[in-house]
Amino acid sequence: HLIRNIEQEFEHNMAQQIYVSEECWNVIKASKNATINNIRKTVAKEEITSADELRQSILTALIDQQPPSETGLAYIRKDVKNLW
């Protein structure tokens with residue numbers, strides 16, 4: 001359900017791509033795909049047997065690295081600043 005929700009939210013916001021550069025939109029797509037890949041890799045771990053364990057594992061991993069969504073947001077901010 002989690003990955004489906006991410007995909008649905010992305011599709012819902014697809015019209016927003018007209019407001020950012022093509023390069024920025026590509027960074028946003030890459031951030032979404034990296035998030036989904038991180039979830040899939042975590043789900044594939046044998047020790048993950050519940051939604052709570054999945055959540056905890058993902059949150060623990062994010063302590064050590066910047067979430068892909070932060071990379072996307074930073075690029076959006078940069079792109080918008082260039083418009084002004």
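# Briefing: a four-helix chain with one aromatic pair

Trp-25 is buried, because its relative accessibility is 8%, under the 20% cut-off. This is a predicted model. The chain has four helices and zero strands. The points below cover the fold, the aromatic pair and two pockets.

**Overall fold**

- From the N terminus, the order of elements is α-α-α-α.
- Along the principal axes, the C-alpha atoms fill a box of roughly 50 × 25 × 15 Å.
- The chain has 84 residues, and 23% of them count as buried.
- Take the contacts between residues at least 6 apart in sequence: 61% of these join residues at least 24 apart.

**The aromatic pair**

- A search of the whole structure returns one aromatic pair.
- Its partners are Phe-10 and Trp-25, and the pair is stacked.
- The ring centres lie 5.3 Å apart, with 25 degrees between the planes.
- The planes count as stacked because 25 degrees is under the 30 degrees cut-off.
- The pair links distant parts of the chain: Phe-10 sits in helix H1 and Trp-25 in helix H2, 15 residues apart.
- Phe-10 counts as buried, because its relative accessibility is 13%.
- Lys-32 lies over the face of Phe-10, 4.7 Å from the ring centre.

**The largest pocket**

- The largest pocket holds about 290 Å³ of space.
- Its lining comprises 15 residues.
- Nearest its centre lie Thr-35, Asn-38, Ile-39, Ile-58 and Leu-62.
- Helices H2 (22-43), H3 (51-64) and H4 (68-83) each give two or more residues to this lining.
- H2 gives the most, with five residues.
- By class, the lining of the largest pocket has seven nonpolar, six polar and two charged residues.

**The second largest pocket**

- About 190 Å³ of space lies in the second largest pocket.
- Phe-10 of the aromatic pair is one of its lining residues.
- Lys-32, the residue over the Phe-10 face, also lines this pocket.
- Other lining residues include Ile-6, Ile-28, Ser-31, Ser-69, Gly-72, Leu-73 and Ile-76.
- Thr-35 lines the second largest pocket and is among the residues nearest the centre of the largest pocket.
- Helix H1 (2-12), H2 and H4 each give two or more residues to the lining of the second largest pocket.
- Five residues of this lining are nonpolar, four are polar and one is charged.

How values were computed:
Residues are numbered from 1 along each chain as its sequence is written. This is a predicted model: local features need pLDDT of at least 70, side-chain atom pairs count only at pLDDT 80 or more; totals for chains, interfaces and linings use all residues. Side-chain values use heavy atoms; hydrogens and water are left out. On a 1 Å grid over the protein atoms alone, a cavity is a set of points where a 1.4 Å probe fits but cannot get out, and a pocket is an open set with protein on both sides within 12 Å along at least five of seven lines; lining residues have an atom within 4 Å of a point. Grid points are joined across faces, edges and corners, and a volume is the space filled by probe spheres set on the points. Ala, Val, Leu, Ile, Met, Phe, Trp, Tyr, Cys and Pro count as nonpolar, Asp, Glu, Lys and Arg as charged, and the others, Gly among them, as polar. Rings of Phe, Tyr and Trp (its six-membered ring) pair if their centres lie within 6.5 Å; planes under 30 degrees apart count as stacked, over 60 as edge-to-face and the rest as tilted. Buried means under 20% relative accessible area, exposed over 50%, partly exposed in between (1.4 Å probe, protein chains only). A charge sits over a ring if NZ of Lys or CZ of Arg is within 6 Å of the ring centre and within 35 degrees of the ring normal. Contact means heavy atoms within 4.5 Å.
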